[in-house]
Amino acid sequence: MSKDLLETIFSRRSIRKYTEEPVNEADIKALLEAAMAAPSASNRKPWYYVVVTEREMLDRLAEVHPHGKMLFQATLCIAVCGGPTDSERFWVQDCSAATENLLLAAAALGLGVVWLGVYPREDRVAAVQRVLGIPETIAPLNLISIGHPAEEKEPRTQYDEARVHRGRW
């Protein structure tokens, strides 16, 4: 593993304060390409993305998600959604892998992000589906709040030897 990759992983932190500078289209495409480079069970690729840049929609998402107040400042939100009919057993894992790729790509691009859980909270799923017009057959797994960071956090590892078992539990 390259040192640069490890530095990107350790520098990925939840950033909740952003500048007003919009995220450019090239970076949005890079984030989506990184997300779609994730592995998926049987290569089903059950993911779908809703890219939100309009201020009114970002504000509506901030209002309906109980922990989404940073969306009032964000210039971008990507809703990572899954199609349970595309991959009934593994869509959550596949979309979670895609989300992690997106988060790491954002860190590599110097963007700030935070993962806001939606699924399996039925109230959150329904609210996000309503705001974004997502069909009932598609489930929003999360919202990713994205922007140019207006705060800095030190890189870190959360390694804990007590949680590691070798050979067997």
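A crossing of two helices is right-handed if the near helix is turned clockwise from the far one by less than a right angle. Keep that in mind for the first stop on this tour of a predicted model.

**Stop 1: H3 and H5.** Select helix H3 (residues 55-64) together with helix H5 (122-132). Turn the view until one helix lies in front of the other: H3 passes H5 in a right-handed crossing. Their axes come within 10 Å and cross at roughly 165°, which makes H3 roughly antiparallel to H5. Now show side chains. On the H3 side you will find Met57, Arg60, Leu61 and Val64, and they meet Ala127, Arg130, Val131 and Leu132 of H5. Sorted by class, this contact has six nonpolar residues, two charged ones and no polar ones.

**Stop 2: the sheet.** Next, hide the helices and select the strands. In what order do the four strands of the open sheet lie? The order is E1-E2-E4-E3, and the pairing is antiparallel. Strand E1 (47-52) and strand E3 (112-117) stand at the edges with a single partner strand each, so one side of each has no neighbour in the sheet. Look along the sheet and you can follow its twist, which averages 20° from one strand to the next.

Zoom in on E1 and strand E2 (residues 76-82): six bridges join this antiparallel pair. To pick out one bridge, select Tyr49 and its partner in E2, Val80.

**Stop 3: H4 on the sheet.** Bring helix H4 (residues 91-108) back into view. H4 packs on the sheet and touches E1, E2, E3 and strand E4 (139-147). Compare directions here: that of H4 makes about 5° with that of E4.

**Stop 4: H2 against H4.** Keep H4 and add helix H2 (residues 25-36). The two axes come within 7 Å and cross at roughly 140°, so H2 and H4 are oblique to each other. This crossing is right-handed. H2 contributes Leu31, Ala34 and Ala35 to the contact, and H4 contributes Ala98, Asn101, Leu102, Ala105 and Ala106. Seven of these residues are nonpolar, one is polar and none is charged.

**Stop 5: H1 against H4.** Swap H2 for helix H1 (residues 3-11). The axes of H1 and H4 come within 9 Å and cross at roughly 105°, so these helices are roughly perpendicular. Thr8, Ile9 and Ser11 of H1 make the contact with Leu104, Ala107 and Ala108 of H4. Four residues in the contact of H1 with H4 are nonpolar, two are polar and none is charged.

**Stop 6: an aromatic pair and a cis bond.** Select Trp91 and Tyr119, the one aromatic pair in the structure. Is the pair stacked or edge-to-face? The ring centres are 4.8 Å apart and the planes stand at 70°, so the pair is edge-to-face. Trp91 lies in H4 and Tyr119 in the loop between E3 and H5, so the pair ties together parts 28 residues apart in sequence.

Stay on Tyr119 and step along to Pro120: a cis peptide bond joins them, with omega about 10°. Pro120 is also found in the loop between E3 and H5.

**Stop 7: Ser42.** Finish in the loop between H2 and E1, where Ser42 is found. What is its phi? Phi of Ser42 is near 55°, a positive value in a residue other than glycine. Most residues other than glycine have a negative phi, and most peptide bonds are trans.

How values were computed: Residues numbered from 1 in each chain as written. Predicted model: local features only at pLDDT ≥ 70, side-chain atom pairs only at ≥ 80, totals over all residues. Heavy atoms only, no water. Axes fitted to C-alpha atoms, helices over the stretch in contact; angles between N-to-C directions. Helix = DSSP H or I, 4+ residues; strand = E, 2+ residues; numbered from the N terminus. Parallel < 35°, antiparallel > 145°, perpendicular 65-115°, else oblique. Contact = heavy atoms within 4.5 Å. Nonpolar A, V, L, I, M, F, W, Y, C, P; charged D, E, K, R; others polar. Pairing = 2+ DSSP bridges. Phe/Tyr/Trp six-rings, centres within 6.5 Å; stacked < 30°, edge-to-face > 60°.
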